[in-house]
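The exercises below invite the reader to examine one protein model step by step. Please look over the sequence and the structure before starting.

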Amino acid sequence: YGYANYVTPRKLLYHARVGADGRIEMAGRKFGTLAVLFEPLPPPEWLDFLERFAGNGGKLIWSGPPPRFDLTGQPMFGRWQKLFGVKSLQFGVEGQVADGWSVQFSGRLGKVPTQEILTDFLVDHTYPVEADAGAEVVARLGKKVVGVHRPTPGNGSATFLGFRPRDDQSASLGAEVRTWFEILL
């Protein structure tokens, strides 16, 4: 992917810092957006880094299941909820199966085309939530909220997407799907 660089949370914590302008500085480069793709058990320092990044003006997008504990077993869900504007979870431990359903986008993501959930595999489970009063609903699966966006101090933002956005620009499954790309625009 020409528009993204991949790094593990541990390597990011070790090598990167959040600059005064809210951008991540690492390896001589600066990044204004951080997409967390699937991180159910993050390192303990991860939320500190994410709060600093989004609070100083960075654009943070989390997709997949919310973390309930960090790698040391300490609870982290309360702080995570506050950061992303999530009032409560509306699913069990492993999310919900939603194959064949379509995610509809709204608000600041309203121009993103509808995305179908393809399988009942764990990677395609969905994670509905109830949005907090200060958060904007940006994605729904039927009547269930699977996307919320919350502005943060310092002109940053934190967006939670309770599903796996697809990016199949090669049309390998018969149609070009570029949901991640559209979300990042």
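Four exercises with worked solutions follow.

This is a predicted model, in which local features need pLDDT of at least 70 and side-chain atom pairs count only at pLDDT 80 or more, while totals for chains, interfaces and linings use all residues. Residues are numbered from 1 along each chain as its sequence is written, and side-chain values use heavy atoms, with hydrogens and water left out.

**Exercise 1. Determine the order of the strands in the open sheet of 3 strands, and state which strands stand at its edges.**

Step 1. Strands are DSSP runs of E with at least two residues, helices are runs of H or I with at least four, and both are numbered from the N terminus. Two strands pair if DSSP finds at least two bridges between them.

Step 2. The order is β1-β2-β3, with antiparallel pairing. The edges are held by β1 (17-18) and β3 (29-31); each has a single partner strand, so one side of each is left without a neighbour in the sheet.

Step 3. Between β1 and β2 (residues 24-26) there are 2 bridges. Here valine 18 is placed opposite isoleucine 24 of β2.

**Exercise 2. Describe how β4 and β5 pair, and which side chains of β4 are buried.**

Step 1. The pairing of β4 with β5 is parallel and runs over 4 bridges. Leucine 34 lies opposite leucine 60 in β5, and valine 36 has tryptophan 62 as its bridge partner.

Step 2. Buried means under 20% relative accessible area, exposed means over 50%, and partly exposed lies in between (1.4 Å probe, protein chains only). The side chains of β4 alternate: Leu34 and Val36 are buried and point to one face, whereas Thr33 and Ala35 point to the other and are not buried.

Step 3. In β5, 4 of the 5 residues are buried, which leaves this strand mostly covered.

**Exercise 3. Identify the members of the largest nonpolar core that touch the most other members, and the element that gives the largest share.**

Step 1. A nonpolar core is a set of buried Ala, Val, Leu, Ile, Met, Phe, Trp, Tyr and Cys residues joined through side-chain atoms within 4.5 Å. The largest one has 29 residues, of which Leu34, Phe49, Leu50, Leu60, Phe84 and Phe160 touch the most other members.

Step 2. Two or more residues come from each of β2, β4 (33-36), α2 (46-55), β5 (59-63), α3 (77-84), β11 (144-152) and β12. The largest share, 6 residues, belongs to α2.

Step 3. Contact means heavy atoms within 4.5 Å. Beyond its neighbours within four places in sequence, leucine 50 is in contact with Leu34, Leu60, Trp62 and Leu83.

Step 4. Another core, of 15 residues, lies apart from this one and includes Leu109, Val112, Val146 and Ile183.

**Exercise 4. Is leucine 13 buried or partly exposed, and what does this residue touch?**

Step 1. Leucine 13 belongs to helix α1 (residues 9-15). With a relative accessible area of 24%, leucine 13 is partly exposed.

Step 2. Residues up to four places away in sequence are not counted; leucine 13 then touches Pro43, Glu45, Trp46 and Phe49.

Step 3. Leucine 13 and phenylalanine 49 are 36 residues apart in sequence, and their C-alpha atoms are 7.4 Å apart in space.
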